[in-house]
Amino acid sequence: MSLTAATRDQPAAATGGAPLVRVEDLTVRFTSRDAVIDAVNGVSFTLDAGEVLCILGESGSGKSVTLRAMMRLLPPRRTKIGGKISVGGKDILGLDEGALGDLRGGEVAMIFQEPMTSFDPVFTIGTQIMETVKRHDGLSDADARKRALELLEMVQIPSPVRRLENYPHEMSGGMRQRAMIALALSCRPRLLLADEPTTALDATVQIQILQLLHRIQRELGMAVLFVTHDVGVAVEISDRIAVMYAGRFVETGPLRDIVHTPQHPYTQGLLASTVHGGMRGKRLEAIPGSPVNLAAMPPGCAFAPRCRYAEPACTAAPPAETWIEPTRMVRCIRAAPHT
Amino acid sequence: MWYFVLRRLLYAVPILLGVSLVVFLLMQMVPGDIIDIMIPPEAPKEVADMIRIQFGLDQPVHIQYLRWLKAILSGDLGISIFTNQPVADELFSALLNTLKIAIPAAILGFTMGVMLGSLAAFYGGSWLDKLFSGIAIAGVSLPHYWVGMVLVAIFAVSFNVLPGQGMGPDGFPWTWEHIKHLILPVITLSLIPMGVISRLVRANVLEIRSMEFVSALQAKGLKGPRVLLHIMKNAAPSALALMGLQFGYLLGGSILVETVFNWPGSGSLLNLAIFRRDIPVLSATILVLATIFVIINILVDVLQALIDPRIRR
């Protein structure tokens, strides 16, 4: 059984040219005893099979919440998810528990930020991969073990046979994240959700993991929704970028366009505050102020209080989506729609 | 793993020596002279001196300790100065009697505790949580001898359905008559373990449930029972540690509960020995109980290490 060839047999036929993922006006609201927090306020996007979309934003911008909403991985009693999410034609928000369980880890898989805390510390890596394979593909113990071994080989973990018997604390951070990737890929997902998978790693390990992810993504033709706060990481892996601020996408577009001609003041600020080559002698710019308090959102553009171009009209109502090109959206009153 | 077990066993040696020393010193500090209890006050001084020599009490303290230790290590727990019977016999039968209620009480208390605690955690904040937590708090805070007396008043006195005193007829072929005598003391004894374990398990399960890896398990699509297995295995080591301690306490026998139910167990034996100033019985009982306590805790350590590999190092 070759994993690379075994991508779910769905290419053009199943999707019929339609995007694999379609999210429309997604909202996520957390209610606790003393506060109501609107973490996501109307996010819409589509994602094709084999495409990598990067959600870029500061902590608290709602990017991880958006990601978790994709497989309803938020505490159900305190969370209200609105809008529409469809993956491969399935209405995620309408699925019952059983169908949701089939989807999670099967068609849609997730890689977490902290590989140390996202493995159960008292089970071996092998067991944790095998239980997923057994759950979804109904394999026997022996077959599941064989599959787990292949997966560890695919993510280039040295001496994989021995590693299957390892507990998470017996591995290094990079090794654990490789194992986490193997686990996520174990049932050949069509959509991979990656929640800052390199943030907790050393810089040298980071780039290895990114390259590994990129290679596997291309080999398997997976769609990837990748969340990060690191512009450098986003540049490395994505086809398209969505910049998120205060629970909204403020700018979306192809990687190149976003990096070279950022339109939204927030995107400009993010890029200007990033260290890259050819900056020697220049002063690093920081975005003034701090991220908006989601429990007390301003009525207008959420970025207005920190924006150097802010004008009275900005605080009236949240700016609508403006398509400045067929592939580029900006939520700013200064943006001019294409004609 | 074997290395770990060996190390634990080696650690036990200094602990047990320390315990023996403390027990011995405590007995030395008991006010009054044992000889005065053993012989009538009007007996001549020569008799007292003779007894003193016979028991080795004329020797310096450290010689006395070493002699006592040597005797204990060779299995001789001494002779009761009150009954003149070997302490080992009395102690063995008392421990056996305590085991008869301690084991069922442990099983009852532990299972109830784990069930109530985990259910309370899984229904955190709901009325079920409040009910179970309330039961648990009542279990730890109500004085158990008082609960025992209330149970006796209700079931033995008012309704006369269960015996409230003693162990029933002698002998081992256990009949309904034997079991009837067990019910009230077992329930009374199980309250504290149930309460403390339930509180611990609840807090533990709540904490584990909020950990990232539980989200990761859900993200793998695992079904409820499988996720529960993961959570419980993570909660097990600390619960086991507490169970070990609680079982140790149960084996020590509750002086109060055994008094209420007139149960001739190790608690009663300790109580009697204290009142009779029966130093050999007292010191042997404490030492044996402490040894059992240490052994149980070694077993718990090994079990914990089997469950959670991080402990092995």
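Before the tour, one term: a helix axis here is a line fitted to C-alpha atoms over the stretch in contact, and the angle between two axes runs from 0 to 180 degrees between their N-to-C directions. Keep in mind that you are looking at a predicted model.

**Stop 1: chain B as a whole**

Select chain B. You will find 13 helices and zero strands, so-called α elements from the N terminus on. The C-alpha atoms of chain B fill a box of roughly 85 × 55 × 35 Å along the principal axes.

**Stop 2: helix 5 and helix 10 of chain B**

Now select residues 87-122 of chain B, which form helix 5, together with residues 224-251, which form helix 10. Their axes come within 10 Å and cross at roughly 150°. Angles over 145 degrees count as roughly antiparallel, and helix 5 of chain B and helix 10 of chain B are therefore roughly antiparallel to each other. The crossing is right-handed.

Which residues make this contact? On helix 5 of chain B, show B:Leu95, B:Ala102, B:Phe110 and B:Phe122, which are among them. On helix 10 of chain B, the residues in contact include B:Leu228, B:Met232, B:Phe247 and B:Leu251. Colour the contact by class and you get 16 nonpolar, three polar and no charged residues.

**Stop 3: helix 8 joins helix 10**

Keep helix 10 of chain B on screen and add helix 8 of chain B, residues 176-209. These two helices pack at an angle of about 160°, with their axes 9 Å apart. That makes helix 8 of chain B roughly antiparallel to helix 10 of chain B. Their crossing is right-handed.

To see the contact, pick out residues of helix 8 of chain B including B:Leu189, B:Pro193, B:Val196 and B:Arg209. Facing them on helix 10 of chain B, the contact residues include B:Asn234, B:Ala235, B:Ser238 and B:Leu242. By class, this contact has 16 nonpolar, four polar and one charged residues.

Some residues of helix 10 of chain B deserve a second look. B:Ile231, B:Met232, B:Met243, B:Gln246 and B:Leu250 take part in the contact with helix 5 of chain B, and B:Ile231, B:Met232, B:Met243, B:Gln246 and B:Leu250 are also among the residues in the contact with helix 8 of chain B.

**Stop 4: a pair of helices in chain A**

Move to chain A and select helix 7, residues 173-185, and helix 8, residues 203-220. They pack at an angle of about 15°, with their axes 10 Å apart. Are they parallel or antiparallel? Helix 7 of chain A and helix 8 of chain A are roughly parallel to each other, and their crossing is right-handed.

From helix 7 of chain A, residues including A:Gln177, A:Ile181 and A:Leu185 meet residues of helix 8 of chain A, among them A:Val205, A:Leu212 and A:Ile216. The contact has eight nonpolar, three polar and one charged residues.

**Stop 5: where the chains meet**

Finally, show both chains. Here 26 residues of chain A are in contact with 22 residues of chain B. The two chains bury about 2,100 Å² between them, 57% of it on carbon and sulfur atoms.

Highlight A:Val122, A:Glu131 and A:His169, which supply 27% of the area that chain A buries against chain B, more than any other three residues. How many salt bridges cross this interface? The rule finds three. For a last close-up, centre on A:Glu131, which forms a salt bridge with B:Lys220, the closest N and O atoms being 2.7 Å apart.

Terms used. Residues numbered from 1 in each chain as written. Chains lettered and ligands numbered in written order. Predicted model: local features only at pLDDT ≥ 70, side-chain atom pairs only at ≥ 80, totals over all residues. Heavy atoms only, no water. Helix = DSSP H or I, 4+ residues; strand = E, 2+ residues; numbered from the N terminus. Parallel < 35°, antiparallel > 145°, perpendicular 65-115°, else oblique. Left-handed = near helix turned anticlockwise from the far one by under 90°. Contact = heavy atoms within 4.5 Å. Nonpolar A, V, L, I, M, F, W, Y, C, P; charged D, E, K, R; others polar. Buried area = accessible area lost by both parts, 1.4 Å probe. Salt bridge = Lys/Arg side-chain N within 4 Å of Asp/Glu carboxyl O.
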